[in-house]
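Student: Please take a close look at a single part of this model, the chain written first, and go through it in one connected account. I would like each term given with its cut-offs where it comes up.

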Amino acid sequence: MSRMAATRDGYGEALLALADNPKVVVLEADLGKSTKSLHFRKAHPERTVSCGIGEQNMLLVGAGLASSGYIPFASTFAIFTERAFEQMRNGVARPNLAVHLCGSHGGTHTGTDGSSAQSIEDLAIYRTLPNVVVMHPCDDISTKALTMQLPGLGSPSYMRTARNKTPVLYDGKENEIQIGKGVVLSEGNDVAIIACGVLVHEAMDAANMLKDEGINATVVDMHTIKPLDTELLDNLAKQCGAFVTAEDHSVIGGLGGAVAEHLVSSHPVPMEKIGVPDRFGESAGSEEMLEMMGLKSHHIVEAAKKAIARKV
Amino acid sequence: MTGMSISELEDMARKCRIEIVKMTHRAQAGHPGGSLSEIDILCALYGHRLRAKPEQPDWEDRDRFVLSKGHASPGMYAVLAEMGFINHEDLKSYRVKGGVCQGHVDMKWCPGVDFSAGSLGMGLSFGMGCAVAAKIDGSNRNAYVMVGDGEIQEGSIWEAAMAAAHHELGNLKLFLDCNGIQNDDFCEAQMRMFDIPAKWSSFGWAVKVIDGHNMQEIVSAIDWMDTITGQPAVVIAQTVKGKGVSFMENNPAFHGAAPSDEQLAQALSELGVSA
């Protein structure tokens, strides 16, 4: 049994590790205990700005700090970042100010808090903004690794983290993580499963189940949704000839949308999308939600077979 | 960039008013009314107080000025030209493809602009970020912000008002251009704001109410802002939309409408330009 951890813990660890850079500042909107920026706040209160329950203000305070040479990390729940979308659009992305926004508790995996808390559209909306890098890592190690790279990015970013624990995939392998580069976790020539976030380990389980049936799948952790690793996708289109995307996010506009947009104009091949159907969630446990929304490994297996069957 | 006399500031404001009507006439678009209401304050701020270097607009330790009511950009462009951040020739690029004078002030396009404006209710938060940065830096630089009165109908303004007072940002200075008119109509008709000074005072701000067209009062208010250290300060300026051009004054039609050829001639005549 692999170690279990939540991606938000990787974010909190990274902020603390980044504190050696005196330009790093942290912004909170009353959820530092949840997003895990609290570790930074305890160690460096003089570089932590409490914005109260005011996300719109927080984003632009971040923009002002960034314009003055600081590297702001702002976090709240993924769903609450969305009420500051226009601030992110006009005040951060448009002038390309490197504010790093983290939305924790994303996806239906958030669970029993119910549909109001389960952001299923964050990756889609932030992906539409020029200059913004969009990430959704799958474990604490890769979350920490990606966050540690953000001060060198020079442009704004949005990262979704998750509330609940999932199996850790990258223990001792943090050097494999690079913004904008998908990670091939498993190699096979029959189908490529492109996953992000909490569905990466479901994709790995699916690949093992497919192997038992004689089907060899490539599994990619596409932790960066924008910029998308199109070189890898093009190679996999030639190698596998069929795709499945898997995300705890609406089937509209997220990882599946991004992959489809690219493939349709480069290597049109059969593709199936695993994601939240066009509906809202409800209160249930994390695993129950994944089952209800059709996001479990067995759903991915069925989608893979369907995509393979569609090959000409 | 300090030390201009009252009469010099008044003359600068008159020249800027001429540029405002010319720019909006040339573009046949834009927002003359709010530019004319804010212009005396902008001239006083730049000519009397703001620590900035036109020859080095990105000087790190400059005071920041955030024009949150970014549609009133002709006023700011006119001041930037007077101060030497841009050339007077640049004013012809207002709303023209590739021009430094974008429709709304934009830090990526125009030297001397510290904030990319456009959506109301955003600049005070941005200015707060600049003020926090100065505080962490241990610098005595200030962040000045200007918002309109209609603009404070945006809820995010009050998020920023509360946060700035909580953080005791004595280096954050706000001008409220109370010209009484917003896009569709008089503010009184659109959304009554009741006792505006009391609102800011209750949010923990130091408050001063002035005549926003009396240069001596404006200069004194800017000096008063310097004396406020443990809390943010707001100067609530009673202004007249379209001030200085008779047919634009207090006329909602000139919030976002350009003068015609005839109206330009009349405006220039009223501003002391001979035909």
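Tutor: What follows treats chain A as a whole, then its sheet and helices, and lastly its two kinds of contact surface.

The model is predicted, with local features requiring a pLDDT of at least 70 and side-chain atom pairs counting only at pLDDT 80 or more, whereas totals for chains, interfaces and linings use all residues. Residues are numbered from 1 along each chain as its sequence is written, and chains are lettered from A and ligands numbered from 1 in the order in which they are written.

In chain A the secondary structure amounts to 13 helices and 14 strands (DSSP runs numbered from the N terminus, with helices being H or I of at least four residues and strands E of at least two). The radius of gyration of chain A, 19 Å, is close to the 20 Å given by the globule rule for 312 residues, so chain A is as compact as a globular protein of that length; the radius is taken over C-alpha atoms, and the rule is 2.2 Å times the number of residues to the power 0.38. Along the principal axes, the C-alpha atoms of chain A fill a box of roughly 60 × 40 × 35 Å. Of the 312 residues in the chain, 59% count as buried, where buried means that 20 or more other C-beta atoms lie within 10 Å of the residue's own, exposed means 12 or fewer, partly exposed lies in between, and C-beta atoms are placed from the backbone. Among contacts in chain A between residues at least 6 apart in sequence, 80% join residues at least 24 apart, a contact being two residues whose C-beta atoms, placed from the backbone, lie within 7 Å.

The sheet comes next. Seven strands of chain A form an open sheet with mixed pairing, in the order 3-2-4-5-7-6-12; two strands pair if DSSP finds at least two bridges between them. At the edges stand strand 3 (48-50) and strand 12 (224-226) of chain A, each with a single partner strand, so one side of each has no neighbour in the sheet. From one strand to the next the twist averages 20°. Within this order, strand 6 and strand 7 (157-160) of chain A run parallel and are joined by three bridges, and the bridge partner of A:Val133 in strand 7 of chain A is A:Ser157.

Two helices deserve a careful look beside these strands. Helix 4 of chain A lies across strand 2 (24-28), strand 3 and strand 4 (71-77) of chain A, and runs at about 170° to strand 4 of chain A (axes are lines fitted to C-alpha atoms, for helices over the stretch in contact, and angles run from 0 to 180 degrees between N-to-C directions). Helix 8 of chain A is mostly covered, with eight of its ten residues buried: A:Asp140, A:Ile141, A:Ser142, A:Thr143, A:Lys144, A:Ala145, A:Leu146 and A:Thr147. Their cover includes strand 1 (4-5), helix 1 (7-18), strand 6 and strand 7 of chain A.

Helix 8 also belongs to the surface between the domains. Chain A is divided into domain 1 (4-167) and domain 2 (180-309), bounds that come from an automatic or database domain assignment, and 25 Å separate the centres of the two domains, taken over C-alpha atoms. Their contact takes 27 residues from domain 1 and 31 residues from domain 2 of chain A. On the side of domain 1 that touches domain 2, the elements giving two or more residues are helix 7 (122-127), strand 6 (133-135), helix 8 (140-149) and strand 8 (166-167) of chain A. The residues of that side divide into twelve nonpolar, twelve polar and three charged, with Ala, Val, Leu, Ile, Met, Phe, Trp, Tyr, Cys and Pro counted as nonpolar, Asp, Glu, Lys and Arg as charged, and the others, Gly among them, as polar.

The remaining surface is the one that faces chain B. The contact takes 23 residues from chain A and 22 residues from chain B, and on the side of chain A the elements that give two or more residues are helix 4 (55-67) and helix 6 (85-93). Helix 4 of chain A supplies the largest share of this side, nine residues. The side of chain A divides into eight nonpolar, twelve polar and three charged residues. In helix 6 of chain A, the residues A:Gln87, A:Met88, A:Asn90, A:Gly91, A:Val92 and A:Ala93 are buried, and the buried residues of this helix pack against helix 4 and strand 5 (100-104) of chain A together with helix 4 (123-137) of chain B.
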